[in-house]
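Please look through the sequence and the model shown here before reading on. The paragraphs that follow move from single side-chain pairs to the metal site and then to the chain as a whole.

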Amino acid sequence: MNTAGTAEVAVRHILGDKVTGGFLTPRTRTITWSAAHYVVKRPPSGKQTVELTCTECSASLLAEVRDQSFTRTFAAVLRIIGVVCAVVFFAAFAYAIHEGGKTLPEGQSLPVLFPISVIAIAVTFVAAPTFYLHGRSYNGVSMLDAPKPRRGHQIRPVRPGQRGARTPR
Ligand SMILES: [Zn+2]
C-alpha cells in the first residue's frame with residue numbers, strides 16, 4: 001500500500017480537564033477528549049495548508065502539511081539530534097564521575113569543564129528522549145491556527161495503520 005502521499009492525524013477535541021479530590025481524597029487530573037481520525041494528502045513539494053474540521057464542535061483547524069522528503073529528512077534530523085544528545089549524555093556522565101571522583105590536592109578546584117558537564121548531563125537527559133521520540137512520531141503535520149476554541153484542540157500524528165484508528169464520521 002502506498003502511504004507516501006498521505007499523513008494520518010488525529011484531531012482531538014478536549015472535552016474536559018477536571019481536577020477532583022484534594023480535600024479528602026488525593027488530587028487527580030482527568031483529561032478527556034474525542035478524536036477524529038483524518039488522512040491528509042501531502043503536497044508534491046513544499047508545504048500546504050489544510051483545513052480540518054473538528055467533528056465534535058465543527059471548529060475548523062488550520063494545519064500545515066509538509067511534503068514527503070522534508071518530513072523524512074526532518075524526522076531523521078530530530079532522531080540524529082536525539083542520538084547525539086545521548087552520546088553527549090554518556091560522555092559527560094563518564095567525565096563527571098571521573099573528575100568528581102578524584103581527590104584534589106589542597107587549594108585546587110575542579111576544572112571549569114566539570115560544572116559544564118553537569119549542566120550537559122541535565123540538559124541531554126531531557127533532550128535526548130524528547131528529540132528522539134519526536135523524530136519517531138513526526139509526520140510533517142502541525143497545527144497552525146484555529147479560531148476561538150483553539151485551546152481545546154490538538155492535532156496528533158498517527159502512525160499509518162495504527163490500531164484503533166478510525167475513519168472520520
Ligand atoms: Zn472541537
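In this predicted model, a useful place to begin is R66, which forms a salt bridge with E64, the closest N and O atoms of the two side chains being 3.5 Å apart. R66 is partly exposed, with a relative accessible area of 21%, whereas E64, at 14% relative accessibility, counts as buried. The boundary that matters for these two residues is 20%, because a residue is called buried under 20% relative accessible area and partly exposed between that value and 50%. E64 also meets the side chain of K47 in a salt bridge, with 3.7 Å from N to O. This second pair links distant parts of the chain, since E64 belongs to strand 4 (residues 60-66) and K47 to strand 3 (residues 47-53), with their positions 17 residues apart in sequence. Through the partners that these salt bridges share, K47, E64 and R66 are joined into one network.

Another salt bridge brings R29 together with D17, and here the closest N and O atoms are 2.6 Å apart. R29 lies in strand 2 (residues 28-41) and D17 in strand 1, so this pair ties together parts that are 12 residues apart in sequence. As for their surroundings, R29 is exposed, with a relative accessible area of 59%, while D17 counts as partly exposed at 41% relative accessibility. The count of salt bridges for the structure comes to 4.

Strand 1 also carries E8, an acidic residue that is buried, with a relative accessible area of 12%. Computed along the sequence, how far is E8 from K41, and what separates the two in space? The two residues are 33 positions apart in sequence, and their C-alpha atoms are 8.9 Å apart in space.

The metal site comes next. Which protein atoms act as donors of the zinc ion? They are ND1 of H13, SG of C54, SG of C57 and NE2 of H153, and these atoms lie 1.9 to 2.3 Å from the zinc ion. The angles among the 4 donor atoms run from 101 to 117 degrees, and the site is tetrahedral; the reasoning behind that word is that four donors count as tetrahedral if all angles lie between 85 and 135 degrees. Along the chain, the donors follow the spacing H-x40-C-x2-C-x95-H. H13 lies in strand 1 (residues 6-20) and H153 in strand 6 (residues 153-158), so this pair of donors ties together parts that are 140 residues apart in sequence.

The four donor residues can also be considered by their accessibility. H13 counts as buried at 14% relative accessibility, and H153 is buried as well, with a relative accessible area of 4%. Of the two cysteines, C54 is buried, with a relative accessible area of 4%, whereas C57 counts as partly exposed at 30% relative accessibility. As for cysteine pairing, the structure holds 0 disulfides.

S58 deserves a separate look, as its phi is near 55 degrees, a positive value in a residue other than glycine. This serine lies in the loop between strand 3 and strand 4, and S58 is exposed, with a relative accessible area of 58%.

With these details in place, the whole chain can be considered. The protein chain contains 2 helices and 6 strands, which, read along the sequence, follow the pattern β-β-β-β-α-α-β-β. Of its 169 residues, 29% count as buried. Among the contacts in the protein chain with a separation of 6 or more, 63% are accounted for by residues 24 or more positions apart. The protein chain exposes about 11,500 Å², and carbon and sulfur atoms supply 61% of that area.

Key: Residues numbered from 1 in each chain as written. Predicted model: local features only at pLDDT ≥ 70, side-chain atom pairs only at ≥ 80, totals over all residues. Heavy atoms only, no water. Donors = N, O, S within 2.8 Å, 3.2 Å for Na, K, Ca; no water. Tetrahedral: all angles 85-135°; square planar, octahedral: opposite > 155°, others 65-115°. Helix = DSSP H or I, 4+ residues; strand = E, 2+ residues; numbered from the N terminus. Buried < 20%, exposed > 50% of the residue type's maximum accessible area, 1.4 Å probe, protein only. Disulfide = S-S within 2.5 Å. Contact = heavy atoms within 4.5 Å. Areas by Shrake-Rupley, 256 points an atom, 1.4 Å probe, with all protein chains shown as cover.
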